Structure formats: structure tokens, C-alpha cells
Amino acid sequence: MPLRARVAAALVLLYAQPVSRIVRLTIDDETTVTVRLGDPPSPLPEPVADLMQAYIQSRQHLPYVSSRSAQWLFPGRQPGQPMNPVSLQVHLRKIGVPPQRGRASAIRQLVLQAPAPVIAKALGYHDKTATRLVTEAGGTWSRYAPGDHRR
């Protein structure tokens with residue numbers, strides 16, 4: 001499987017991100033492999049971090065990666081532009097990952113594991129969207145109140 005498709009699939013399935021947002025991710029020179037979807041950046045788990053580092057190294061040899069498009073994680077063929085989301089969706093489908101259904105399954109699983117406001121902030125989702133997903137998934141975090149509880 002192409003590294004580009006495997007990295008994109010990991011971001012869809014682990015972080016419930018739409019392909020249109022994944023293609024807008026950029027790279028930097030940090031030593032820890034993180035992905036900035038919300039605030040603070042989320043660290044990638046070890047097998048995915050290694051995969052990401054291998055992909056970043058391999059993309060340096062692509063003929064269409066110019067200095068103007070080098071900041072994009074998924075550079076497009078047009079200088080300075082990211083990859084077209086539809087093209088990335090095609091790559092994902094070829095390896096058996098349905099982007100929309102995979103993303104929906106991932107976000108439902110995430111909101112069952114942690115409070116919706118925490119997931120929303122970490123992944124860049126709106127609070128109301130995450131709360132609705134908890135309800136749809138039958139989650140038990142409906143009474144979680146975010147904020148400082150030490151008072």
C-alpha cells in the first residue's frame with residue numbers, strides 16, 4: 001500500500017478527520033510527531049508516528065514537491081497547493097478505507113471513550129457536534145462539565 005494512503009487512512013480512522021481537512025495539514029521540524037487538529041497538538045501513537053516519519057522522508061523525492069508546496073503534508077501537483085481532497089479519497093477507497101464511514105465510526109468511538117468537550121477541543125470539532133454524537137452513540141458523558149473543578 002502506498003505510504004500516502006496509509007498515513008491518510010490513519011488520520012481518518014484515529015482522529016475522525018474529513019479528507020478535506022487532512023489535505024490542509026502542514027509539516028514542521030518538530031522532533032515529536034504530533035498532529036495539530038485542535039489545541040494542544042495530539043501526539044501520534046508509535047506505529048503511526050513511524051509511518052508518518054517514513055512518509056515525510058519519502059515525499060521529498062516526489063517530482064512535484066516544490067519549495068512552495070513543501071509545507072503541505074499532502075502536496076498537490078500545483079505549486080504551493082495541497083493535494084485535491086477528491087484525489088486522496090480515491091486513494092483511500094483503493095486500499096479499502098471508506099473515508100466518510102470510517103470517519104463517522106471513529107468519532108463515535110472517541111466520544112464513547114472520553115467527554116465530548118475534550119474530544120471536540122482535541123480534534124477541532126464544535127462542542128455541539130460532539131455532544132450530539134455522544135447522544136447518538138448512547139454515551140454516558142452527557143453530564144460532564146468542562147473546566148476547573150478544584151473550587
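Student: Why is A16 counted as buried in this predicted model?

Tutor: Set the value against the cut-off: buried means under 20% relative accessible area. A16 has a relative accessibility of 0%, so A16 counts as buried. You will find A16 in the loop between helix 1 and helix 2.

Student: What makes the phi of A16 worth a look?

Tutor: Most residues other than glycine have a negative phi. A16 is not a glycine, yet A16 has a positive phi of about 55°. A16 follows helix 1. Another positive phi, of about 90°, belongs to G96, just after helix 4.

Student: How do you know that the length of helix 1 agrees with its number of residues?

Tutor: Helix 1 covers residues 3–15, which is 13 residues. The expected span is 1.5 Å times one less than the number of residues. That gives 18 Å, and the end C-alpha atoms of helix 1 are 18 Å apart, so the two agree.

Student: Which residues of helix 1 are buried?

Tutor: They are A5, V7, A8, A9, A10, L11, V12 and Y15. Helix 1 also gives seven residues to the largest nonpolar core, the largest share of this core.

Student: Which residues touch the most other members of that core?

Tutor: The core has 40 residues, and L11, L44, F74, I107 and L123 touch the most other members. Among the elements that give two or more residues to this core are helix 1, helix 3 (46–59) and helix 5 (99–113).

Student: What does L123 contact, leaving aside its neighbours within four places in sequence?

Tutor: L123 is in contact with Y15, Q17, R21, L37, G38, I107 and L110. Notice Q17 in that list; let us turn to that residue.

Student: Why is Q17 called buried?

Tutor: The cut-off for buried is under 20%. Q17 has a relative accessible area of 2%, so Q17 is buried. Like many loop questions, this one is easier with a location: Q17 is found in the loop between helix 1 and helix 2. Not counting residues up to four places away in sequence, Q17 touches L11, V12, I22, L37, R103, L123 and Y125.

Student: What makes the pairing of Q17 with R21 a polar contact?

Tutor: A polar contact needs N or O atoms within 3.5 Å, one able to donate a hydrogen and the other to accept it. The side chains of Q17 and R21 make such a contact at 2.8 Å. A polar atom of the Q17 side chain also lies 3.2 Å from the backbone oxygen of L123.

Student: Why is D127 called partly exposed?

Tutor: Buried is under 20% and exposed is over 50%, with partly exposed in between. D127 has a relative accessible area of 43%, so D127 is partly exposed. D127 has its place in helix 7, and D127 touches P117 and A120, not counting residues up to four places away in sequence. The C-alpha atoms of D127 and P117 are separated by 5.6 Å, although these residues are 10 residues apart along the chain.

Student: What makes Y55 and F74 an aromatic pair, and why is the pair called tilted?

Tutor: Ring centres must lie within 6.5 Å; planes under 30 degrees apart are stacked, over 60 edge-to-face, and the rest tilted. The centres of Y55 and F74 are 5.5 Å apart, with 35° between the planes, and the pair is tilted. The structure holds one aromatic pair. This pair links Y55 in helix 3 with F74 in the loop between helix 3 and helix 4, 19 residues apart. Both Y55 and F74 are buried.

Student: How do you know that the buried residues of helix 4 line one face?

Tutor: The buried residues are L88, Q89 and L92. Seen down the helix axis, they fall within an arc of 105°, so they line one face of helix 4. The face turned away from the buried side carries the exposed residues V86 and K94. The cover over the buried residues includes helix 1, helix 2 and helix 5.

Student: What caps the N-terminal end of helix 4?

Tutor: N84 does: a side-chain oxygen of N84 lies 2.8 Å from the backbone nitrogen of V86.

Student: How many helices and strands does the chain have?

Tutor: There are seven helices and two strands, and of the 151 residues of the chain, 38% count as buried.

Notes
Residues are numbered from 1 along each chain as its sequence is written. This is a predicted model: local features need pLDDT of at least 70, side-chain atom pairs count only at pLDDT 80 or more; totals for chains, interfaces and linings use all residues. Side-chain values use heavy atoms; hydrogens and water are left out. Helices (H or I, at least four residues) and strands (E, at least two) are DSSP runs, numbered from the N terminus. Buried means under 20% relative accessible area, exposed over 50%, partly exposed in between (1.4 Å probe, protein chains only). A nonpolar core is a set of buried Ala, Val, Leu, Ile, Met, Phe, Trp, Tyr and Cys residues joined through side-chain atoms within 4.5 Å. Contact means heavy atoms within 4.5 Å. Rings of Phe, Tyr and Trp (its six-membered ring) pair if their centres lie within 6.5 Å; planes under 30 degrees apart count as stacked, over 60 as edge-to-face and the rest as tilted. The arc is that of the directions from the helix axis to the C-beta atoms.
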